[in-house]
Amino acid sequence: MTNLLIKPALSILDSLISFDTTSRNSNLQLISWVEEYLAQYDISTTRVINADGSKANLYATIGPDVAGGVILSGHSDVVPVDGQDWSSDPFVVTERDGLLHGRGTCDMKGFIALALAAAPMLKDGKRSVHLAISYDEEVGCLGAPAMIEEMAATLPAPALAIIGEPTMMKTVTGHKGICVHEVEVLGHEAHSSLTHLGISANMVAIELMHDLAELARELWETADPNSPFTPPHATLTIGKMDGGTAANILARRAYFMFDLRCPPSVDPETVLAPFKEKAAALDTQLKEAFPETGVRVEQLSNAPPLGQSGSEEAEAFVRKLTGDNTPAGVVSYAAEAGQFQQAGFPTVVCGPGSIEQAHQPNEYISLDQFSRGADFMLRLSEELRQE
């Protein structure tokens, strides 16, 4: 029976991977393709578009429109392939030695392909399946909240949400949150020998980045030894920076981005309060010298963590389908699961593939994991038909 699902799922995966949905691009071609696919089975869909209409979430109810349904959720966007050494076209699924290579095969178009392949049989259930496909997860879980809000307001109350991030089909009941900030420092240009006549934005930015580096060290030193996360503490990293024009010019502008990933027990606003106070003080100091200068700190995203309590029934349901009896796990990456949980849906993370393959050159999902994901969808269909 599994083979009957795998063949169409592989064909769907080929189509999904062919769309370059790197987060900087539109995902509308993929969304249109999914709409047309589901329309073949008389499954209606709803778009939730972004502000400029360039991207869209999509959700669809498969089966009876009744309370107690199951949400299957995945994101459509992928990370860039720029600068990575791929052995084959990243936007063509290529099988080598039982591994399906391609950008997004693991994270997480493989899960979406399996859910879409199962759609015709899921229609026969006594409870519904709500398929949810989001955008911009990879840049801070930006797209899903509007869709989740609409689903919570319009759907008969679902019983649970399953977020299909790669967990090797293990049950995951907790993940860290993520907040992303950008910092811009504006200085006053002058000859580098005349530092009293200007302000180097780079030097101010370095001071702020040093404070963040010290904060990252403090988070490591104060880690909870009983934390189930690896690493056990909140993590802070500076992922991007830019600044200056030449070695002999005091920099007019400096820019950097950082992310803070906190377990449920740590509040990111509390962690960052001293840094934001320091930035505000520097902003005032710079403007007193030159009005056009200053420091701007802007939060780009703040996705909540997934807490381990409150989703026990969802966990039991997923374990019944996977046969997984190992202790529930937690993951250090961020996901949309915390957003679904925050909206009131009991939520777990469970999907095929390993997160270790995500974001890598030659990203892959193994055929074995793909098959296990197919088994999961078949068992879900059978479970919903029997109820």
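Tutor: Two strands pair if DSSP finds at least two bridges between them, strands being DSSP runs (E, at least two residues) and helices likewise (H or I, at least four), numbered from the N terminus. This is a predicted model, in which local features need pLDDT of at least 70 and side-chain atom pairs 80 or more, whereas totals for chains, interfaces and linings use all residues. Residues are numbered from 1 along each chain as its sequence is written, and side-chain values use heavy atoms, without hydrogens or water.

Student: Which residue in E15 stands opposite Leu 100?

Tutor: The open sheet of three strands is ordered E4-E5-E15, with antiparallel pairing. Strand E4 (94-96) and strand E15 (364-366) each have a single partner strand, so one side of each is left without a neighbour in the sheet. Strand E5 (residues 99-101) is joined to E15 by three bridges in the antiparallel sense, and here the residue opposite Leu 100 is Ile 365.

Student: What angle does the direction of helix H9 make with that of E15?

Tutor: Axes are lines fitted to C-alpha atoms, for helices over the stretch in contact (heavy atoms within 4.5 Å), and angles run from 0 to 180 degrees between N-to-C directions. Helix H3 (residues 105-122) lies across E5 and E15, at about 55 degrees to E15. Helix H9 (residues 367-386) also packs on the sheet, where E4, E5 and E15 are touched by H9, and the angle between the directions of H9 and E15 is about 70 degrees.

Student: Which residue in E14 stands opposite Ala 161?

Tutor: Strand E7 (residues 160-163) has Leu 160 and Ile 162 pointing one way and Ala 161 and Ile 163 the other way, all of them buried (under 20% relative accessible area with a 1.4 Å probe, protein chains only; over 50% is exposed, in between partly exposed). E7 pairs in the parallel sense with strand E3 (residues 70-75) over four bridges, Val 70 being opposite Leu 160. With strand E14 (residues 347-349), E7 pairs in the parallel sense over three bridges, and there Ala 161 faces Thr 347.

Student: Which element gives the most residues to the largest nonpolar core?

Tutor: A nonpolar core is a set of buried Ala, Val, Leu, Ile, Met, Phe, Trp, Tyr and Cys residues joined through side-chain atoms within 4.5 Å. The largest one has 53 residues, of which Leu 38, Leu 72, Leu 116, Ile 162 and Met 377 touch the most other members. With twelve residues, the element that gives the most to this core is H3.

Student: How many residues are in the second, separate core?

Tutor: Val 183, Phe 256, Phe 258 and Phe 275 are included in this second core, which is separate from the largest one. The number of residues in the second core is 28.

Student: What is the relative accessibility of Tyr 41?

Tutor: Trp 33, Tyr 37 and Tyr 41 belong to one aromatic cluster. Rings of Phe, Tyr and Trp (its six-membered ring) pair if their centres lie within 6.5 Å, with planes under 30 degrees apart stacked, over 60 edge-to-face and the rest tilted. Tyr 37 and Tyr 41 are edge-to-face, at 5.4 Å between centres and 65 degrees between planes. Tyr 37 counts as buried at 10% relative accessibility, whereas Tyr 41 counts as partly exposed at 28%.

Student: Which kind of pair do the rings of Phe 340 and Phe 345 form?

Tutor: Both Phe 340 and Phe 345 are buried. Their ring centres are 6.1 Å apart and their planes stand at 50 degrees, so the pair is tilted.
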